[in-house]
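Colleague: Could you take a close look at the ligand site in this model for me? I'd like a connected walk through it, and anything else worth a glance afterwards.

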Amino acid sequence: MPNFLATRLTTWVSQTPIHLALVVLSTLWTLPSLGLLISSIRPPEEVLTTGWWTVFQHPFDFTQYSLENYRTVLSAEGLGQALLNSLTIAIPATVIPIAIAAFAAYALAWMEFPGRQWLFLAIVALLVVPLQMTFIPLLRAYGHLGLTGTFAGLWLAHTGYGLPLGIYLLRNYIGSLPRDLIEAAAVDGATPWQIFTRLIVPLSMPAIASFAVFQFLWVWNDLLVALVYLGGTPTVAPLTITLTNLVGSRGQDWHLLTAGAFITMTLPLLVFLALQRYFVRGLLAGSIKG
Amino acid sequence: MAQVRFESVSKRYGDVLALHDLTLAIADGEFLVFVGPSGCGKTTTLRLLAGLEPVTTGHLYIGDRRVNDLSAKDRDIAMVFQSYALYPHMSVYENMAFSLELQGLGKGEIQQRVQRAAQQMELEDLLQRKPKELSGGQRQRVAVCRAIVRNPAVFLMDEPLSNLDAQLRGQARVEISRLHRELGSTLIYVTHDQVEAMTMGTRIAVLNQGRLQQVDTPQALYRAPSNKFVAGFIGSPAMNFLAGVLVETDDLLWFKAEAVSFPLDRTTCPGYQRYLGQPVICGIRPEDIHDAHYVPTGLVTSPLQGKISALERMGNEVIVYLTLGDRQTYAARVDRRSALALGETGLFAVNTRAIHLFDPDTEIAIAAQGAP
Amino acid sequence: MTHIFGRGLVAALAIGLGCGGVFALFYGANGLVERFAPGNSKNRLLPWVYLTPALLLLAVYLVLPTLVTIYISCFDARSQAFVGLTNYLTVFTDKTMGEAFRNNLLWLVGVTGGSVSLGLLIAVLADRVRYEPVPKTLIFLPMAISFVGASVIWKFIYAFRPAGTAQIGLLNAVVTSLGFEPVGWLVERSINNLALIAIMIWLQTGFCMVLLSAAVKGIPQEIIEAARLDGASEGQIFWRITLPLIRSTILVVSTTTILLVLKVFDIVYVMTAGNQGTEVLASRMFKEMFSFRHYGRGSAIAVLLLLAVIPIMVLNIREFRRPTPLR
Ligand SMILES: Nc1ncnc2c1ncn2[C@@H]1O[C@H](COP(=O)(O)OP(=O)(O)OP(=O)(O)O)[C@@H](O)[C@H]1O
Ligand SMILES: [Mg+2]
């Protein structure tokens with residue numbers, strides 16, 4: 001028994017450099033976010049005069065923490081409205097492309113029509129197009145149609161941009177379902193619509209979840225597309241735009257910036273931690289997004 | 001009601017002709033088995049009938065309806081797939097209720113019908129399980145049950161037993177035969193296992209390379225195969241074939257090959273005249289070659305000497321493999337008491353009345369050609 | 001209070017309308033075809049019912065705009081007069097654009113090299129310890145953070161106070177405690193690009209690590225053991241066995257990172273707005289569009305981006321032809 005312990009000890013010791021490297025790297029990666037979190041719950045005067053690491057001199061002195069900063073940014077700085085806007089943008093901009101991509105993927109995988117393979121290839125090829133290619137013509141069209149600064153305009157834009165990845169991902173998954181299952185349902189009397197809703201959708205949930213997590217994070221964290229199509233209208237601006245504006249207007253008010261940044265991060269972090277498995281899958285398949 | 005008719009049905013996949021000009025009528029209530037080697041077009045035939053593939057040419061009828069243009073869901077058929085195709089996200093109950101629900105039946109009636117079908121297949125205790133919680137045999141029963149709950153005009157089954165082990169397969173054979181008797185519906189069954197075909201079918205349709213070779217009752221198929229393919233395919237071990245010529249001396253008809261020759265009975269080979277002096281192929285079933293010491297009484301036999309190259313003692317019989325000096329191996333199924341030993345030269349007796357003759361070019365049975 | 005409640009209600013309504021609308025669309029179209037299309041044409045029509053919304057959106061949002069952008073890149077600022085390749089010439093000779101090209105190249109090399117090698121290092125190291133998920137999750141976590149959020153985090157780290165006052169930025173606190181003068185990380189032209197690149201490495205390493213880790217784990221253990229029996233040291237195993245075996249994943253990870261970096265915008269826009277010599281192609285294009293209203297030149301930059309993406313993408317897709325690692 002002591003022998004066994006001794007061997008374990010020696011392997012542990014011989015691995016010291018590995019442990020050390022991992023600890024250093026993990027700390028390095030965590031420190032920035034930790035600093036942000038701590039600063040966001042310190043009173044403004046202290047954030048602006050001393051470094052956030054000073055709280056560790058008395059970590060359990062709870063008087064040095066307060067949620068005041070959050071109250072300020074949410075109300076006075078308009079982050080509350082921005083949070084609502086972000087939700088209003090991100091949820092439909094995730095649901096709509098899922099629905100459209102799933103129907104298209106089903107047709108591409110299991111319905112017979114001429115040119116099916118070519119169509120799929122063409123859609124996948126669209127993964128190449130950088131979004132920048134589309135801004136100027138679309139912005140002009142939006143101007144004519146009065147879509148600039150509307151949620152609907154942004155939903156449709158995110159849907160269009162998300163579709164190639166969504167169709168690619170879902171078609172591959174739906175196409176790999178056993179042919180027998182789909183034929184069994186057809187023989188059992190299901191119409192294409194019933195096959196889709198009763199069989200394809202429930203069975204494709206893993207792929208749908210992957211794409212959902214991926215698209216949600218992408219839309220939630222997007223700044224560029226929102227800036228282009230929403231312009232400067234504050235009533236519809238999502239968190240990313242509002243926070244960017246805050247950086248511009250209150251660049252030195254770190255107590256507000258840190259709290260604001262943390263608010264933008266909470267939801268994606270929760271989604272991410274809860275559905276990490278699906279997100280990784282989406283990443284593996286979606287790492288070629290344009 | 002549910003008679004099924006194929007009229008000159010062909011199916012082409014690109015360059016592959018999967019089914020060639022099939023014409024076949026299946027009577028109401030019949031148990032018809034399609035059998036043939038892998039890739040011969042059995043599954044294709046079922047899928048055409050089910051409406052899962054469009055036919056290339058020809059007409060399909062179920063009952064009095066021409067169904068070429070009906071989609072699968074409107075053909076009133078149920079199908080059991082080789083993989084069972086149970087819906088993995090639904091319980092056994094939901095699997096069975098699915099098609100009834102789609103028909104728009106009420107909850108009460110669905111429940112009643114599912115219960116009745118489950119009773120028939122002894123599945124009452126498994127109704128709440130998901131397919132992945134079932135054994136292979138149970139899955140197979142659920143798949144069959146899902147088909148019978150619909151009470152369709154025609155049942156289609158594509159190798160439903162091929163994923164079971166030998167013992168379960170035996171039980172399931174009996175089970176399906178029983179169901180067919182109870183339900184009285186038309187059942188079309190695909191297999192490549194000739195034991196299944198012979199034991200279950202009221203008629204058997206033999207397919208090869210997309211062409212229908214022969215349709216008949218199991219006994220007729222065994223007794224009078226219409227060509228060399230059917231003769232070789234039905235029966236195990238397979239029929240032995242020897243190439244030789246047909247000659248007539250005095251009042252006897254002779255088959256002469258390199259290593260052996262047999263006298264034949266003219267009455268069992270109608271139509272032989274055209275082949276006199278011509279090459280023919282002679283077919284002898286292993287069970288028509290006996291150990292010379294144990295010949296059943298009343299048989300007309302001709303002696304045969306062969307060197308024994310292998311022996312399989314099965315308990316109730318012995319399969320002997322022998323060579324006749326022409327580099328081929330022939331199989332014989334002899335009495336279990338046989339004392340033949342490996343390496344010996346044994347003395348056998350061939351039942352000459354049971355010999356089949358085939359045209360070497362067309363491979364069609366000479367007896368089946370009839371008088372020209 | 002009712003104010004907030006009202007706004008929440010409006011948001012919920014909008015969300016419901018957007019999500020419900022798309023389902024209603026499909027349901028309605030499907031119902032129409034099922035009910036009214038004559039028996040035979042139904043099966044031919046249905047695929048198009050399911051495909052049309054997707055095809056329409058793809059055409060409107062990707063295909064047509066791309067063609068139009070290529071077209072107007074040959075026109076002047078207001079897209080009125082044809083100017084041939086003038087925009088491209090300007091783009092290539094302009095001083096700030098030269099800077100943008102140089103910076104983009106720096107980003108490509110720095111971010112790709114940095115995050116791929118760090119990702120590989122962490123993947124290999126974490127593979128050898130029992131608490132593997134902990135460092136991996138910590139390093140992967142920034143993937144969920146937006147570029148804007150990350151920019152704020154790092155702006156705070158780079159925060160600069162004149163010498164003599166207490167530093168609240170972590171980096172300058174370290175620098176001054178070591179006895180040096182505080183550094184203006186984001187204004188000093190020699191280092192501000194590197195400071196921005198560090199943010200991207202921080203964000204992107206997790207991604208590289210996850211894919212590379214999957215590849216490292218995919219190497220059969222027997223091969224490693226066989227090499228060990230053959231007397232290879234751990235270092236030799238890494239360089240001669242592991243690395244060649246995950247070569248294709250490294251390629252995929254690198255090309256993916258390159259594609260991302262090529263279009264990097266948010267970080268530069270938030271941190272420096274492209275000033276002090278930190279311009280990149282995408283931020284430059286944004287300026288051409290919104291500050292200078294020169295649609296011709298903006299489009300020319302977009303076309304250059306597309307041209308840069310295509311060869312990389314072709315390489316990537318060739319690798320992706322192999323079975324997807326999705327399941
Ligand atoms: N979708 C298809 N495309 C092209 N060829 C096909 C297709 N389906 C079947 N075939 C071809 O048609 C022929 C008949 O196939 P089928 O599946 O009917 O054989 P089978 O008799 O069921 O064989 P098995 O006993 O192996 O199941 C084969 O040559 C096969 O390769
Ligand atoms: Mg088959």
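Modeller: Helices (H or I, at least four residues) and strands (E, at least two) here are DSSP runs, numbered from the N terminus. With that in hand, β2 (16–26) and α1 (42–50) of chain B each bring at least two residues to the shell around ligand 1. The largest share, three residues, comes from α1(B). Bear in mind that this is a predicted model, where local features need pLDDT of at least 70 and side-chain atom pairs pLDDT 80 or more, while totals for chains, interfaces and linings use all residues. Residues count from 1 along each chain as written, chains are lettered from A and ligands numbered from 1 in written order, and side-chain values use heavy atoms, without hydrogens or water.

Now the shell itself (a heavy atom within 4 Å of the ligand). Walking along chain B, you meet B:Tyr13, B:Val16 and B:Ala18, then the run B:Ser38, B:Gly39, B:Cys40, B:Gly41, B:Lys42, B:Thr43 and B:Thr44, and finally B:Glu159. Sorted by class, that makes four nonpolar, five polar and two charged residues, with Gly counted as polar.

Three side chains reach oxygen atoms of ligand 1 as polar contacts (N or O atoms within 3.5 Å). B:Ser38 has a side-chain N or O atom 2.4 Å from a ligand oxygen. For B:Thr43, the matching distance to an oxygen of ligand 1 is 2.5 Å, and the B:Thr44 side chain also has an N or O atom 2.5 Å from one. How much of ligand 1 does the protein cover? The protein covers 60% of the 640 Å² of accessible area (Shrake-Rupley, 1.4 Å probe) that ligand 1 has on its own.

While you're on chain B, look at two backbone details. The peptide bond from B:Ser236 to B:Pro237 is cis, with omega near -5 degrees; B:Pro237 sits in the loop between α8 (228–233) and β11 (240–249). B:Glu122 isn't a glycine, yet its phi is positive, about 55 degrees. You'll find B:Glu122 in the loop joining α3 (107–120) and α4 (136–148) of chain B.

One last glance, at the other chains: 105 residues of chain C are in contact (heavy atoms within 4.5 Å) with 108 residues of chain A. Across that interface, 11 residue pairs are in polar contact, both partners at pLDDT 80 or more. Helix α2 (residues 39–72) gives the most to chain C's side, with 20 residues. That side of chain C has 78 nonpolar, 17 polar and 10 charged residues.

Technical notes
Polar contact = N/O pair within 3.5 Å; in protein donor to acceptor, adjacent residues only side chain to side chain.
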